[in-house]
Protein chains: 2
Amino acid sequence: MKKGLIQIYTGDGKGKTTSAVGLAVRAIGQGLKVCYIYFHKNPDKWGYAEQKILEKLGVKIFGFAKEHPFCDKKVSLESIRNECLKGLEFIKEIFRQKKYDILILDEVNISLRDGFLKEEEIINLLKMKPKSMELVLTGRGATKKLKEIADLVSEIKNIKHPHQKGIKGRKGIEY
Amino acid sequence: MKKGLIQIYTGDGKGKTTSAVGLAVRAIGQGLKVCYIYFHKNPDKWGYAEQKILEKLGVKIFGFAKEHPFCDKKVSLESIRNECLKGLEFIKEIFRQKKYDILILDEVNISLRDGFLKEEEIINLLKMKPKSMELVLTGRGATKKLKEIADLVSEIKNIKHPHQKGIKGRKGIEY
């Protein structure tokens, strides 16, 4: 891979994380090295099945700021911000190591949308990306500036979703 | 899984097939049985890496109408329609067998958009879906009626794509 690009999957529809997972699988199939870092997700609670499979396929997986006030009202905003900042430092270390061809930052746009990270912090991070690395950001709330910087932006619009009919997240489909 | 729904991933942005691949991986991780049928794709030419990995994970993969006039001008429209019709019969057999929890029909919307299949043929097919089976349709060009019938519709809008800058499909990213 010559030049790595920045891809963003945003919008309110289903398909952002699954797109990133599909990308990881395709990359692994071509012998690339993939790292997947997720934010605001708690596999201990939900057991995201795709992460287990990616790990088996050789994808390295890390998580930061697993709690979110939406799911756990007791968690302090400050502690989430600190966790996100730890995540940023970790990503910078991943950049320095240059071990991976693709780095997925799943739901990192949420960190920005919900004010845990500042736009300039993410933009500064993007500037530090090694040239050869492909970077994939997912989550609702990608800002105009982030979209400007990215090379690829897909906005996934929710036209219809079963939760609007009261159907809850289903095992094997939503987690 | 109680009731299987119909999901559609359509629109002109990147993320339709990769979403379906991510869904397959998630489902496999929860012990579900997945079948993946693709249309208008030729792995012999492009070597879609994600398909090899899905197969290793236990997903059953089949392909129909591998050629498309967009890629091969010598192929006749009639032969593509016949291949698509064979695909429909095969899908009906998959429905009868009830062996799978999830069936993905990758790029089947293209068969409809490009006139190889008629809307009523797809709609009749959807009516035959076993109740417990989740059905996932991808590809540009899902019609209004198809969207009405589906339980979930995500429209992936292309905001920005590197091919607009002349960057060609990259190994490990686009195939």
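Two strands pair if DSSP finds at least two bridges between them, and strands (E, at least two residues) and helices (H or I, at least four) are DSSP runs that are numbered from the N terminus. What you have open is a predicted model, in which local features need pLDDT of at least 70 and side-chain atom pairs count only at pLDDT 80 or more, while totals for chains, interfaces and linings use all residues. Residues are numbered from 1 along each chain as its sequence is written, and chains are lettered from A in the order in which they are written.

**Start at the seam between the chains**

Select residues 152-160 in chain A and in chain B, and you will see strand β6 of chain A and β6(B) pairing in the antiparallel sense over 7 bridges. Within this pair, A:Lys157 stands opposite B:Glu155, and A:Glu155 stands opposite B:Lys157.

**Follow the sheet outwards**

Select next strand β1 (residues 6-10) of chain B, which runs parallel to β6(B) and is joined to it by 4 bridges; here the bridge partner of B:Gln7 is B:Leu152. In chain A, select strand β1 (residues 6-10) together with strand β5 (residues 134-138), which pair in the parallel sense over 4 bridges, with A:Leu135 of β5(A) as the bridge partner of A:Ile6.

Now show every strand, and an open sheet of 12 strands with mixed pairing appears, in the order β3(A)-β2(A)-β4(A)-β5(A)-β1(A)-β6(A)-β6(B)-β1(B)-β5(B)-β4(B)-β2(B)-β3(B). At the edges stand β3 (60-64) of chain A and β3 (60-64) of chain B, each with a single partner strand, so one side of each is left without a neighbour in the sheet. From one strand to the next the twist averages 15 degrees.

**Colour the interface**

Select the residues where the chains touch: 43 residues of chain B are in contact with 43 residues of chain A, where contact is defined as C-beta atoms, placed from the backbone, lying within 7 Å. On the side of chain B that touches chain A, the elements giving two or more residues are α1 (16-29), α3 (49-56) and β6 (152-160) of chain B, and α1(B) gives the most, with 11 residues. The residues on this side divide into 19 nonpolar, 12 polar and 12 charged (Ala, Val, Leu, Ile, Met, Phe, Trp, Tyr, Cys and Pro count as nonpolar, Asp, Glu, Lys and Arg as charged, and the others, Gly among them, as polar).

**Look at two helices that cross**

Select helix α3 (residues 49-56) of chain A and α1(B), whose axes come within 7 Å and cross at roughly 95 degrees (axes are lines fitted to C-alpha atoms, for helices over the stretch in contact, and angles run from 0 to 180 degrees between N-to-C directions). That makes α3(A) roughly perpendicular to α1(B), a term that covers angles of 65 to 115 degrees. The contact is made by A:Ala49, A:Glu50, A:Lys52 and A:Ile53 of α3(A), and by B:Gly22, B:Val25, B:Arg26, B:Ile28 and B:Gly29 of α1(B).

**Step back to the whole**

Superpose chain B on chain A, which takes a rotation of 180 degrees with 0.0 Å of shift along its axis (RMSD 0.0 Å), computed by least squares on the C-alpha atoms of residues with pLDDT of at least 70 in both. That is the relation of a two-fold axis. Of the interface residues of chain B, 100% are also interface residues in chain A, so the copies meet through the same surface.

Finally, show chain A alone, whose secondary structure comes to 7 helices and 6 strands, and whose C-alpha trace spans about 45 × 35 × 30 Å along its principal axes.

Key: Two residues are in contact if their C-beta atoms, placed from the backbone, lie within 7 Å. Angles under 35 degrees count as roughly parallel, over 145 as roughly antiparallel, 65 to 115 as roughly perpendicular and the rest as oblique.
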